[in-house]
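Work through the exercises below with the sequence and the structure open. Try each task before reading its solution.

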Amino acid sequence: MSNSPETGLDLEDLELQLLPAWAKQSPDANRYAKYEGGEGDSGPRGRERRERRGPPSDRSERPRRREGGPRTSRDESPGPRRGGGGRHERPRRDENREPAPVLPEVSVSFVPEEKGVESLARQIKLTGRAYPIFDIGHLILKRPDRYHVVFVTVKKADGQVAQPLWVCNLDDTLWLSDQEAAQHVLRRHFETFYKAERIPADPPKGTYTFVAQCGLSGAILGPPNYHDYQNKLRKLHAERFSRMPFELFKAKVRIIKDEAVVKKWIEEQSWKTEYHCLNVPEPKRLGSREEVERHFREAHFGNIVRAVESHTLAGVAAQQLPTPALRQLVRRDWDEQQRFPLKIVTTLSQQFAAHGLQFFKVNRTITHVAVARPHFLDLETTPVSEGVKGIVVFINAHSGCTRRQLFEALAPSAARAVPAATPLPAENSASSGPTAGAAADIPARPSALPPSSSGDLREPTAEQTAVIADLHWLIHQGHVIEFANGRIEAAKKPVPKPPRPEPKLAESSVSRPTSSNETTASIQLTATPAPPAQEEEGFPVSRPDEAAPALTAPEGAADRPESPAETAGASPAPLNPADSATAPDQGV
C-alpha cells in the first residue's frame with residue numbers, strides 16, 4: 001500500500017480504526033495494576049465517608065411525635081422556605097451564565113484536499129478493498145492539513161448580504177469589516193507604506209508642576225490644562241480601553257507631581273513624529289496618525305483590501321484567523337461535521353466519482369466506496385475458468401473468509417525442502433583405485449547457498465500466482481468484494497421484484513347495456529400487464545416514477561459489525577449526480 005508523505009493521509013490509519021477495541025490495546029498493559037485490593041473493603045471512598053459520619057445512632061433515642069397529636073404543616077414550620085429567600089440560598093447557575101456570542105451569518109463548508117483524495121483513490125484502486133466513506137470523512141477531519149475551509153456569504157430575503165467578507169491581499173486573512181482590515185494592514189504592514197521619523201520641535205512654553213497619568217497603562221497624558229490633553233485622553237481610551245465606559249476610564253487618571261515625571265513629559269513634547277509616504281508617485285509627509293489612516297484609505301485601500309462573496313482557506317490558516325468570531329464559527333461547524341460528516345462526504349463522493357470509483361450500500365445503511373459495484377456471477381450461464389469457479393465456490397461456502405484462508409485452501413504453500421548436500425569434487429577425475437575410494441570416504445560438504453527464508457518473504461508458487469490473478473479480476477469486476485477489515489464476500493444473486501399491479505381504466509364501468517362497438521373499444525383500451533421487473537447485476541431496476549434514494553446516515557456503523565451478506569441485493573444509491581455519469585447502464 002502506498003503512502004502519502006505530503007498530506008499524511010493513508011488508509012492504514014482507517015484500517016487500524018476498524019479494528020475492535022481490544023485489538024488496539026497493548027497486550028503488556030495491566031489495567032488492574034493500580035488496585036491493591038483488600039478483604040471486606042468496598043472502596044476507599046465509601047470507607048472514608050463512613051468514618052466521617054461516625055457510628056450509626058440509635059433511632060429509639062429520637063423523640064417521637066405524640067400519637068394523635070397535630071402534625072406540623074410546612075407553612076407553620078420554623079425557618080425560611082426554599083423559595084422564601086433565606087440567607088443560605090444560592091444563586092441559580094442560569095443567572096450567572098453569560099449569553100452565547102452571536103456568530104456571523106456566514107456559510108462554512110469543508111472540502112477535502114485534492115492531492116489527498118487522489119492519493120486515497122490510488123490506494124483504493126491498488127488494494128481493491130471497499131472502505132466505508134463516512135469513516136474516510138472522519139479520517140479527513142482528524143487533521144486540518146487534509147481539508148480546506150470555504151466561507152460563503154449569505155443573502156437575506158431582500159437580496160442584501162447579511163454579513164460581508166473582506167480579504168487582505170497581503171497575507172490572505174479574512175475580516176468581517178473594512179475597518180478591521182484597514183487597521184490590520186496598518187498594524188502588521190505599516191513599514192510597507194509609511195516610514196516614521198522623529199524630528200525636534202519646540203518644547204511646551206510655561207511652567208508645569210504636575211501632569212496627568214493613566215492609572216491603567218501608565219501613559220503620561222500631560223497637564224489637564226494643556227491644549228492637547230483631551231485629544232490624548234480620548235485617543236488612549238479608543239485604542240486600548242474602548243470596552244470600558246469613558247467616565248470610568250477617566251476616573252482612573254491620577255495627578256502626578258513628581259519632577260522627574262514632569263521633565264520626562266516635557267522631553268517627549270520636544271519631539272514630534274512625521275510619516276513619509278512610500279510607494280506613491282510624489283513624496284509626501286504626514287504629521288499625525290489620523291492623516292496616515294486617511295491617506296491609506298484614499299491611496300492603498302482599494303488595492304490591498306477587497307470585498308468577496310466566497311473565500312477558501314487552508315485548514316490550518318482557518319483555525320488561526322485573527323477574528324475570534326470566525327474562529328468560533330469554524331469550530332462550531334467542525335464539531336457538527338465530526339458528529340455527522342454529511343457535507344464533507346457529499347463532496348468526497350463527487351471527487352471519488354471523478355477518479356472512476358463506485359459506491360454501494362451494505363444492508364442499505366453503510367455506504368462503501370470501491371473499484372466496482374457488486375455484480376453477481378452466475379457460474380451456470382457464464383463460462384469461466386476452473387480457477388475462477390473454485391474461488392467463487394469457496395467464498396460462497398466460507399462467507400467472510402480472508403485471503404490467507406483462501407490461499408491455504410486453494411493453493412497451500414509447499415513445505416520448504418532441505419537442500420541436498422553437495423559432494424566435494426575429486427581433485428583428479430582420472431584417478432582410480434585407492435585414491436577414488438579415499439575421495440569417496442570424505443564427508444560431503446553442505447551447499448553454500450543460504451536456506452530460503454520462510455514466511456511471507458518467499459516467492460509465491462505458480463498456483464498462488466494464478467489464484468492472485470483470478471481474485472484480482474473478480475474484485476475489479478465486482479463479483480467479489482473485499483472489505484477494509486479483510487473479509488471477502490461474493491456478490492449474491494438479486495431477488496426479483498414482484499410484478500406491478502394492472503393499471504385501472506380511466507373511467508369506471510357502469511352497469512348498462514353496451515353495444516358491440518363499445519365492447520371492442522374497451523378491450524382495446526385495456527392495458528397489457530407489464531412483465532415482472534428483474535434486477536440485473538445485483539441492483540434494483542430504476543423506473544421513471546421512482547425517486548432516487550437520498551444519502552442516509554450510517555445507522556449503527558460504529559456499533560454493528562459489517563454483515564455484507566446482502567451486498568449484492570442492497571440498493572447501490574450513488575451519493576451524488578456524478579454516479580449516473582459513471583455507470584449509466586445501472587439504475588439506482
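## Exercise 1: Overview

Task: state how many helices and strands the protein has, and what share of its residues counts as buried.

Solution. The model is predicted. Begin with secondary structure: the protein has 22 helices and 17 strands. Next, burial. The protein has 588 residues, and 31% of them count as buried. Then take the contacts between residues with a separation of 6 or more: 73% of these join residues 24 or more positions apart. Finish with the surface. About 39,900 Å² is exposed, and carbon and sulfur atoms supply 51% of that area.

## Exercise 2: Helix 5 against helix 16

Task: find the angle at which the axes of helix 5 and helix 16 cross, then list the residues that meet.

Solution. Step one is to locate the pair. Helix 5 covers residues 114–127, and helix 16 covers residues 342–354. Their axes come within 10 Å and cross at roughly 60°. Step two is to classify the angle. Angles from 65 to 115 degrees count as roughly perpendicular, and under 35 as roughly parallel. The crossing angle therefore makes helix 5 oblique to helix 16. The crossing is right-handed.

Step three is the contact. Helix 5 brings E114, V117, L120, A121 and I124. Helix 16 answers with L348, Q351 and F352. By type, the residues of this contact are six nonpolar, one polar and one charged.

## Exercise 3: T347 and its distant partners

Task: which residues does T347 contact, leaving aside its neighbours within four places in sequence?

Solution. Place the residue first: T347 belongs to helix 16. Its relative accessible area is 22%, so T347 is partly exposed. Now look outside the sequence neighbourhood. T347 touches V111 and P112. For V111, compare sequence with space. T347 and V111 are 236 residues apart along the sequence, yet their C-alpha atoms are 6.6 Å apart.

## Exercise 4: Two partners of helix 20

Task: describe how helix 20 packs with helix 18 and with helix 17.

Solution. Take helix 18 first. Helix 18 spans residues 403–410, and helix 20 spans residues 462–477. The axes are 11 Å apart, at an angle of about 135°. Helix 18 and helix 20 are therefore oblique to each other. Helix 18 passes helix 20 in a right-handed crossing. R403, L406, F407 and L410 of helix 18 meet V467, I468, L471 and I475 of helix 20. The residues of this contact are seven nonpolar, no polar and one charged.

Now take helix 17, residues 386–397. Its axis lies 9 Å from that of helix 20, with an angle of about 70°. The angle falls in the range from 65 to 115 degrees. Helix 17 and helix 20 are therefore roughly perpendicular to each other. Their crossing is right-handed. Helix 17 supplies G387, V388, I391 and V392, while helix 20 supplies V467, D470, L471, W473 and L474. The contact of helix 17 with helix 20 has seven nonpolar residues, one polar and one charged.

Compare the lists. V467 and L471 of helix 20 appear in the contact with helix 18 and in the contact with helix 17.

## Exercise 5: Positive phi in two loops

Task: where does D172 lie, and where does R364 lie?

Solution. Start from the background. Most residues other than glycine have a negative phi. D172 has a positive phi of about 60° and is not a glycine. D172 sits in the loop between strand 4 (165–168) and strand 5 (173–175). With a relative accessible area of 36%, D172 is partly exposed.

R364 also has a positive phi, near 60°. Its loop runs between strand 14 (358–362) and strand 15 (366–370). Exposed means over 50% relative accessible area. R364 has 51%, so R364 is exposed.

## Exercise 6: Two residues of helix 11

Task: give the C-alpha distances from K264 to I220 and from E268 to P203.

Solution. K264 lies in helix 11, residues 259–269. E268 is found in helix 11 too. K264 is partly exposed at 46% relative accessibility, and E268 is partly exposed at 37%. Now the distances. K264 and I220 are 44 residues apart along the chain, with C-alpha atoms separated by 8.9 Å. E268 and P203 are 65 residues apart along the chain, and their C-alpha separation is 8.6 Å.

Conventions: Residues numbered from 1 in each chain as written. Predicted model: local features only at pLDDT ≥ 70, side-chain atom pairs only at ≥ 80, totals over all residues. Heavy atoms only, no water. Axes fitted to C-alpha atoms, helices over the stretch in contact; angles between N-to-C directions. Helix = DSSP H or I, 4+ residues; strand = E, 2+ residues; numbered from the N terminus. Parallel < 35°, antiparallel > 145°, perpendicular 65-115°, else oblique. Left-handed = near helix turned anticlockwise from the far one by under 90°. Contact = heavy atoms within 4.5 Å. Nonpolar A, V, L, I, M, F, W, Y, C, P; charged D, E, K, R; others polar. Buried < 20%, exposed > 50% of the residue type's maximum accessible area, 1.4 Å probe, protein only. Areas by Shrake-Rupley, 256 points an atom, 1.4 Å probe, with all protein chains shown as cover.
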